[in-house]
Amino acid sequence: MNSVFLLIASSILHEMATADEKSFSFFKFWGPVSGKSQQILVSDDHGDNFAEQRIDYVARPDYFFHYGVEDSETGNSQGHEQRRNGDIVEGEYRVLQDDGLVRIVRYSADPDKGFQASVEYAKIKH
């Protein structure tokens, strides 16, 4: 078996000067898999009683991403972060709502408990 570890690290920070304040966006990612890859044979059935077989590869899903936007000119403020390790996914996203509250959604998913999410609201601190 081949050992596969893909690491893509990217960090982008972009700043735009506005009148008195700054706006920015960012993005980070690494993944998408780690560990040993496994070669498998896949049948593609085209619905015409003809199945093609091809070789594909599977490996353990293992990734992380995080991105966000803060724009003082438009008031846009949001972010999202997610991590996956095998069958377990955890994440959070934040969105500034029109009423001035920040909606924070934290979620997780795994084979035992399925998808679960909690929502809370917070005031912006000035």
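How many salt bridges does the count come to, if a salt bridge is a side-chain nitrogen of Lys or Arg within 4 Å of a carboxyl oxygen of Asp or Glu? By this rule the count comes to four, and the paragraphs below reach them by way of the strands. The structure is a predicted model, in which local features need pLDDT of at least 70 and side-chain atom pairs count only at pLDDT 80 or more, whereas totals for chains, interfaces and linings use all residues. Residues are numbered from 1 along each chain as its sequence is written, and side-chain values use heavy atoms, with hydrogens and water left out.

The strands come first. Strands (E, at least two residues) are DSSP runs numbered from the N terminus, as are helices (H or I, at least four residues), and two strands pair if DSSP finds at least two bridges between them. Strand β3, residues 33–45, pairs with β4 in the antiparallel sense over 10 bridges, and within this pairing Leu41 stands opposite Ile55 of β4. Strand β4 covers residues 51–71 and is also joined by 10 bridges to strand β5, residues 76–85, the two running antiparallel. Tyr67 has His80 as its bridge partner in β5, and in the hairpin of β4 and β5, where four residues lie between the strands, Gly75 takes a positive phi near 85°.

The strands that follow can be read in a similar way. Strand β6, residues 88–96, runs antiparallel to strand β7, residues 101–110, and eight bridges join them; Glu90 stands opposite Ser108 in β7. The hairpin of β6 and β7 has four residues between the strands, and there Gly100 takes a positive phi near 90°. Strand β7 in turn pairs with strand β8, residues 114–123, over 10 bridges in the antiparallel sense, with Tyr121 of β8 as the bridge partner of Arg103, and three residues lie between β7 and β8 in the hairpin that they form.

With the strands in place, the salt bridges can be located. The side chains of Arg106 and Glu120 meet in a salt bridge at 2.7 Å, N to O, and this pair links distant parts of the chain, Arg106 lying in strand β7 and Glu120 in strand β8, 14 residues apart. For accessibility, buried means under 20% relative accessible area, exposed over 50%, and partly exposed in between, with a 1.4 Å probe and protein chains only. Arg106 counts as partly exposed because its relative accessibility is 32%, and Glu120 counts as partly exposed at 37%. Glu92 and Arg94 also meet through their side chains in a salt bridge of 2.7 Å, N to O, and Arg94 is partly exposed, with a relative accessible area of 35%. Glu92, Arg94, Arg106 and Glu120 are linked in a network of salt bridges. Elsewhere, Asp56 forms a salt bridge with Arg54, the closest N and O atoms being 3.4 Å apart; Asp56 is partly exposed at 30%, and Arg54 is partly exposed at 37%.

What is the situation of Asp62, which is buried? Asp62 is found in strand β4 and has no salt bridge, the nearest side chain of opposite charge being that of Arg60, 5.7 Å away, where Lys and Arg count as positive, Asp and Glu as negative, and His and the chain ends are not counted. The side chain of Asp62 does make a polar contact with the side chain of Ser34, at 2.7 Å; a polar contact is a pair of N or O atoms within 3.5 Å, of which, within protein, one must be able to donate a hydrogen and the other to accept it, and residues adjacent in sequence count only if both atoms are side-chain atoms. Leaving aside neighbours within four places in sequence, the residues in contact with Asp62 (heavy atoms within 4.5 Å) include Trp30, Ser34 and Arg84.

His80, in strand β5, is buried because its relative accessible area is 16%. A polar contact of 2.8 Å joins the side chains of His80 and Tyr107, and, not counting residues up to four places away in sequence, His80 touches Phe65, His66, Tyr67, Glu92, Tyr93 and Tyr107.

Tyr63, Phe65 and Tyr67 form one aromatic cluster.

Terms used
Rings of Phe, Tyr and Trp (its six-membered ring) pair if their centres lie within 6.5 Å; planes under 30 degrees apart count as stacked, over 60 as edge-to-face and the rest as tilted.
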